[in-house]
Amino acid sequence: MAFLEIEHLEKVFGPLRVVKDFNLSIQKGEFISLLGPSGCGKTTVLRMVAGFETATSGAIHIDGKNVVDKRPNQRNIGMVFQAYALFPNMTVAENVGFGLKVKGVAGSEIASRVTEMLKLIGLSEHGSRYPFQLSGGQQQRVALARALAPRPQVLLLDEPLSALDAKIRVSLREEIREIQKKLGITTIFVTHDQEEALSISDRIVVMHQGIADQVGSPFEIYNRPATKFVATFVGTLSMLEATVIDAASGKVKIGETEVTLAEPVTGHKAGDKVSLALRPEALSMEKTQAREGKVRGVVQSVNFLGSVIRTKIDVAGNIVSFDMFNNPAYKPPVVGETIDVWFANSDLLLVRD
Ligand code: ATP
């Protein structure tokens, strides 16, 4: 059994089944993100692990013990919320030491743990300040220190960065990941921000309508999305409709172009329609030996995004986006022009519904 094992977890609110047969094995020290759009059930899963929400059915094992019927304070977890949720009338040091005081830890032990935690979050000089004297990012670091001070077995983070501005979000997410690695603490991080999940997770669980659609490393989720939902939710991509010619050999037709996919089109027969996806970086106006596939389309828009130029073309009613690295010597295509763009057949992703 893994360190944190979630089995057949379900949550029903009245007529709504918001979490459906959710299963997940998390290794000790792993950083897992629950990623999905608003309302998909990720916070409900996290709250059930924390014990703030009772599970309708299923089991949650932490270090071999089923805690599903235990109260939050009996589970040995630390949690950080979206809103900083610090006690406004307590100093930073008092906030960080709060969980230890509640547990009846001796004053001298609390003082040394608070010093250690403030050092860990880089706020050693701020122990006597009050929350209102700190920036949003600093307050969230204090919330993290408060959650970690009692040395929980599992750290739960519920969109801890969403109230912060863009720059702080990026630096704080890196800091959280560093602290998590340093302590080796098993962590579940809830976010609806795909870039955030891709950048800091060991593995990502993509959730959709209460179900874990796919579990995998950031690399797998981005490069090998299992479903249409995962493919469209994570990153930008273009969908192309294709007709199967020969399922076993992976031969399909996109418009008038025949291509052979890297894998057989299992579960389909000749004549079936299938969905293929392409990432913008997989397409190029330049033909090379590796890029054997081609689509022809009419340029709809050309957007300069700084490091890349994103062009959208209409391929028989499908809008296909592709990126070219910015190069002052490069002449971008013009709206209305008909162009060919090339791709490696192995970059075509076959996605199921
Ligand atoms: P968000 O990012 O918006 O928080 P989420 O993916 O975390 O979304 P949840 O908060 O887990 O989603 O909610 C999942 C579904 O359960 C939603 O449809 C929500 O309205 C519903 N829900 C959550 N809590 C309750 C509750 N206490 N009573 C009834 N329905 C609830």
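**Exercise 1. Sort the residues of the shell around the ligand into nonpolar, polar and charged.**

Start with the list: Phe13, Leu16, Val18, Gly36, Ser38, Gly39, Cys40, Gly41, Lys42, Thr43, Thr44 and His192 surround the ligand (C-beta atom, placed from the backbone, within 6 Å of it). Next, apply the classes: Ala, Val, Leu, Ile, Met, Phe, Trp, Tyr, Cys and Pro are nonpolar, Asp, Glu, Lys and Arg charged, and the others, Gly among them, polar. The result is four nonpolar, seven polar and one charged.

A word on the model: it is predicted, with local features needing pLDDT of at least 70 and side-chain atom pairs pLDDT 80 or more, while totals for chains, interfaces and linings use all residues. Numbering starts from 1 along each chain as its sequence is written.

**Exercise 2. Find which element gives the largest share of this shell.**

Take the DSSP runs, numbered from the N terminus (helices: H or I, at least four residues; strands: E, at least two). Both β2 (16-26) and α1 (42-50) supply at least two residues. The largest share, three residues, belongs to α1.

**Exercise 3. Describe how α2 packs on α3.**

First, the geometry: α2 (residues 92-102) meets α3 (residues 107-120) at about 130°, and their axes are 9 Å apart. Axes are lines fitted to C-alpha atoms over the stretch in contact, with angles from 0 to 180 degrees between N-to-C directions. The pair is therefore oblique, as angles under 35 degrees count as roughly parallel, over 145 as roughly antiparallel, 65 to 115 as roughly perpendicular and the rest as oblique. Finally, the contact residues (C-beta atoms, placed from the backbone, within 7 Å) include Ala93 and Val96 of α2 and Ile110 and Arg113 of α3.

How values were computed:
Contact = placed C-beta atoms within 7 Å.
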